[in-house]
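User: Hello! I am new to reading protein structures. Could you go through this one with me, step by step?

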Amino acid sequence: MESLLSTVTVSVLLQKYMNLLLGPILILVGMFLLELLTIRLPGSGVLFEKLKAKINPQGYVGALLLGILFALSFCPTSAALFFGSLLPLALESQSNIALPAIYGLATGLPVFVFAILLGISANRVAKAYNHILAFEHWARKITGLVFILIGGYYAWVNIFSPFIVEN
């Protein structure tokens, strides 16, 4: 019993039609690489654009609120300890600012050190990334052009040349 997905059937279909499809596919891929064609997916980036539009006019206050939101979402245990344990303890011991300030410095110090290390390494990664980005730009352009030329050749040989009658 031979099915449509048998090796022989697939092989015959690929041999017969792949050369006809290869030229147009290479041309389309080349056009995407050269950014002559783009695909815009519905809803892509809409959430981030709405959030940016709401926070951007707020300036420093918006940045502070966004930072508080991220801090609470990434470390709710720390927020619970601060508001649930430390503030009542500070009020009880008549130390209105000392304990929360020490707690803030102690929890912020590792983040500060990590941010410095991340900033130093990010600077080095950014320099390497800029070199890679420049290479990628030209490699993408050259590859797109090569794909279009090869796709044009395949389209000419397999699609258009059979219609040209030699005299």
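User: Is Leu13 buried, partly exposed or exposed, and what is its relative accessible area?

Analyst: Happy to help, and please keep in mind that this is a predicted model. Leu13 is found in helix α1. Buried means under 20% relative accessible area and exposed means over 50%, with partly exposed in between. Leu13 is therefore partly exposed, its relative accessible area being 43%.

User: Which residues form a nonpolar patch on the surface, and what is their accessible area together?

Analyst: Leu13 is one of the members of this patch. The others are Tyr17, Met18, Leu20, Leu21, Ile25 and Val29. Taken together, the accessible area of the patch is about 570 Å².

User: How many helices and how many strands does the protein have?

Analyst: Reading along the sequence gives the pattern α-α-α-α-α. Each α in that pattern stands for a helix. The count is five helices and zero strands.

User: What percentage of the residues of the protein count as buried?

Analyst: The protein has 167 residues. A residue needs a relative accessible area under 20% to be called buried. The part of the protein that counts as buried is 10%.

User: Which residues of α5 are buried?

Analyst: Helix α5 covers residues 98-160. Ala155 is one example, since at 7% relative accessibility it falls under the 20% limit. The buried residues of this helix are Pro100, Arg140, Gly144, Gly151 and Ala155.

User: Where in α5 is there a kink, and of about how many degrees?

Analyst: Look along helix α5 for the proline Pro110. Shortly before that proline comes Gly108, which is where the kink lies. The kink at Gly108 is about 30 degrees.

User: Which residues does Ala155 contact, leaving aside its neighbours within four places in sequence?

Analyst: Ala155 is in helix α5. Its C-alpha atom is 8.2 Å from that of Asn19, although these two residues are 136 residues apart along the chain. With neighbours within four places left aside, the contacts of Ala155 are Gly23 and Phe160.

User: How many salt bridges are there?

Analyst: The rule asks for a side-chain nitrogen of Lys or Arg within 4 Å of a carboxyl oxygen of Asp or Glu. Glu35 and Arg140 fit that rule, with N to O at 3.1 Å. Arg140 and Glu136 fit as well, their closest N and O atoms being 2.8 Å apart. The count comes to two salt bridges.

User: Why does the pair of Glu35 and Arg140 tie together parts that are apart in sequence, and how many residues apart are they?

Analyst: The side chains of Glu35 and Arg140 meet in a salt bridge. Glu35 is in the loop between α1 (7-33) and α2 (46-55), whereas Arg140 is in helix α5, so the pair links parts of the chain that are separated in sequence. The separation is 105 residues.

User: How many residues apart are Arg140 and Glu136, and which residues are joined into one network?

Analyst: Arg140 and Glu136 both lie in helix α5, four residues apart, which is about one turn of the helix. In general, an α-helix has 3.6 residues a turn, so residues three or four places apart point the same way. Arg140 also forms a salt bridge with Glu136. Salt bridges that share partners thus give one network of Glu35, Glu136 and Arg140.

User: Is Arg140 buried or exposed, and what is its relative accessibility?

Analyst: Not counting residues up to four places away in sequence, Arg140 touches Leu33 and Glu35. The limit for buried is under 20%. Arg140 counts as buried because its relative accessibility is 18%.

User: What is the phi of Glu35?

Analyst: Most residues other than glycine have a negative phi. Glu35 is not a glycine, yet its phi is positive. The value for Glu35 is about 60 degrees.

User: Which rings form the one aromatic pair, and is the pair stacked or edge-to-face?

Analyst: A search of the whole structure gives one aromatic pair. The rings of Tyr153 and Tyr154 have their centres 5.9 Å apart and their planes at 75 degrees. Planes over 60 degrees apart count as edge-to-face. The pair of Tyr153 and Tyr154 is therefore edge-to-face.

Definitions and conventions
Residues are numbered from 1 along each chain as its sequence is written. This is a predicted model: local features need pLDDT of at least 70, side-chain atom pairs count only at pLDDT 80 or more; totals for chains, interfaces and linings use all residues. Side-chain values use heavy atoms; hydrogens and water are left out. Helices (H or I, at least four residues) and strands (E, at least two) are DSSP runs, numbered from the N terminus. The bend at a residue is the angle between axes fitted to the seven residues ending there and the seven starting there. Buried means under 20% relative accessible area, exposed over 50%, partly exposed in between (1.4 Å probe, protein chains only). Contact means heavy atoms within 4.5 Å. Patches are made of residues with over 30% relative accessible area and no salt bridge: like charges are joined within 9 Å, nonpolar side chains (Val, Leu, Ile, Met, Phe, Trp, Tyr) within 5 Å. Accessible areas come from the Shrake-Rupley method with a 1.4 Å probe; for residues, only the protein chains shown count as cover. Rings of Phe, Tyr and Trp (its six-membered ring) pair if their centres lie within 6.5 Å; planes under 30 degrees apart count as stacked, over 60 as edge-to-face and the rest as tilted.
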